[in-house]
Amino acid sequence: MVRFKSRYLLCEVCVPDRSSLQLLEDRTIYNTLRAAVNRAHGDYGSALFNIGVIVKYLNAHTGVVLIRSRKKHYRLIWSALSFITCLENRGQKVQCFLNCLHVGGTIRTCQKFLVKYNRQQLHRMLPDCKTDAEKQEVRRAILSCSLSNVREEEADEDGSDDDGDEET
Amino acid sequence: MSVFMDLNIISSNDKNRLKSIIETAAHLGYSTVAINYVVEPQQKKQEIPKPQSVSDIFDKFPIVQGKSSPIKVLNRLTIIASDASHFVSCIPTNEYKSFDLVAVYPKTEKLFHAACMTFDVDIICIAVAEKQPFHFKRAPVNGAIDRGVFFETCYAAAIRDTTMRRYTIANAISLMEVCKGKNIIVSSGAERPLELRGPYDIANLGLVFSLSEGDAKGAVSTNCRSVLLHGETRATASGVVYTMKKPKTPQKQEESPVSKKAKTELA
């Protein structure tokens, strides 16, 4: 079977303060990544970047990015990811780093991983909850994490996790 | 899921910075970190700083991402050696005992040779911020591998500056050519929480350093664990007998083979 195989890199943008995440756009990530690949791997890297790479999804609230690249060259792109130190968005520089969570062959596998990961994050938030009401809220969000709601939409991530934000 | 460790976090007097670095490390998935006290002995005898007790930094350690146990924090000493007199006979072993790991950063070829063959250290650091002043020879490197000493590369300089990146990659590749990917660990050398990277990212960076895939992942997980065990056996008699003071009787000998998991308490 002849098929275009690709690799999806699921990454998380880690910033010291979450408020600076709000203005993130996929063009920003794309441009920063292109500059990083150019610096790290030169013209060869830029050429590979131009043919295969595209930012498929970005969630500005949680900082999750899904980057797609060709199967043959995803390691090269991945190695340049680690060298990114700041994202520049309309003249504002945000100090951050990209942490790769998962490499998947399809968007669905990345979705499944993301649902599991978000459930883990909620579990980690549970001990930090101050009031009982917050605890109930987080527990409800954990129980409602599932993949069934997103079967129709391909590009939508996060399961049903939008209310379980990382902010406590 | 193997155990990932980051064995080089530069210590500072600022507790909040250390706290945020360790929290970031726990978030990224590291099970163990080591706080590095760097010492450059100027005169013949300079005092070695006492490591601050780990419980000073945190009352309750942050939980590691993906596991349910808290992160372990160890102490490590790095000695920048420019003169052989620091090590030879007047080894201040008492002060070294309070550190879990001991590392040396040799600046000359003779020191490198001596460190590989004779010094009582766990880790040998490789220069990252400058051109390597000497070439690695196969003889001392193989001797170090036989003894169980590990070579360490730090990647924080590569992240900070492009010129450093070239030096780091060049030195790392020349080391890999000589040691064939054995006994390598990669650690961060981070001074700020933004300089840390996740373990899988570093395993990928190992490919840039021309390590094979298995070696690269091992450089962050299994080799680090071997370094810890080596550090523990420094306190025992060739790693076979481990003495421990029991509360009732003053002294009791306990046999603990090093091939199994050592019964120790890393507090």
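Colleague: In chain B, which strands does helix H9 lie across?

Modeller: In this predicted model, helix H9 of chain B, residues 222-233, lies across S1, strand S2 (32-39), strand S3 (72-81), strand S4 (101-106), S5, S6 and S7 of that chain. The helix runs at about 70 degrees to S1(B).

Colleague: And what kind of sheet do the strands of chain B form, open or closed?

Modeller: The 7 strands of chain B form an open sheet, in the order S1-S2-S3-S4-S5-S6-S7, and the pairing is parallel. Strand S1 (5-10) and strand S7 (184-187) of chain B stand at the edges with a single partner strand each, so one side of each is left without a neighbour in the sheet. From one strand to the next, the twist averages 30 degrees.

Colleague: How many bridges are there between S5 and S6 of chain B?

Modeller: Strand S5 (residues 123-125) and strand S6 (residues 150-154) of chain B pair in the parallel sense over 3 bridges.

Colleague: Which residue in S6(B) is the bridge partner of B:Cys125?

Modeller: That partner is B:Glu152.

Colleague: Since a cysteine has come up, how many disulfides are there over all chains?

Modeller: A search of the whole structure finds 0 disulfides.

Colleague: Why is there no bond between A:Cys11 and A:Cys100?

Modeller: The closest cysteine sulfur to that of A:Cys11 is in A:Cys100, and because the two sulfurs are 4.5 Å apart, they are too far for a bond; a disulfide would need them within 2.5 Å.

Colleague: Is A:Cys11 buried or exposed?

Modeller: A:Cys11 is buried, and its relative accessible area is 0%.

Colleague: What about B:Cys116, where is its closest cysteine sulfur?

Modeller: For B:Cys116, the closest cysteine sulfur is in B:Cys179, at 11 Å, which is too far for a bond. B:Cys116 is buried as well, with a relative accessible area of 0%.

Colleague: Changing topic to chain A, how many helices and strands does that chain have?

Modeller: The secondary structure of chain A comes to 4 helices and 6 strands, and reading along the sequence gives the pattern β-α-β-β-α-β-β-β-α-α.

Colleague: What share of the residues in chain A is buried?

Modeller: Of the 168 residues in chain A, 46% are buried. As for the contacts in chain A with a separation of 6 or more, residues 24 or more positions apart account for 68% of them.

Colleague: And what does the accessible surface of chain A come to?

Modeller: The accessible surface of chain A comes to about 9100 Å², and 49% of that surface belongs to carbon and sulfur atoms.

Definitions and conventions. Residues are numbered from 1 along each chain as its sequence is written. Chains are lettered from A and ligands numbered from 1 in the order in which they are written. This is a predicted model: local features need pLDDT of at least 70, side-chain atom pairs count only at pLDDT 80 or more; totals for chains, interfaces and linings use all residues. Side-chain values use heavy atoms; hydrogens and water are left out. Buried means under 20% relative accessible area, exposed over 50%, partly exposed in between (1.4 Å probe, protein chains only). Helices (H or I, at least four residues) and strands (E, at least two) are DSSP runs, numbered from the N terminus. Contact means heavy atoms within 4.5 Å. Accessible areas come from the Shrake-Rupley method with a 1.4 Å probe; for residues, only the protein chains shown count as cover. Two strands pair if DSSP finds at least two bridges between them. Axes are lines fitted to C-alpha atoms, for helices over the stretch in contact, and angles run from 0 to 180 degrees between N-to-C directions.
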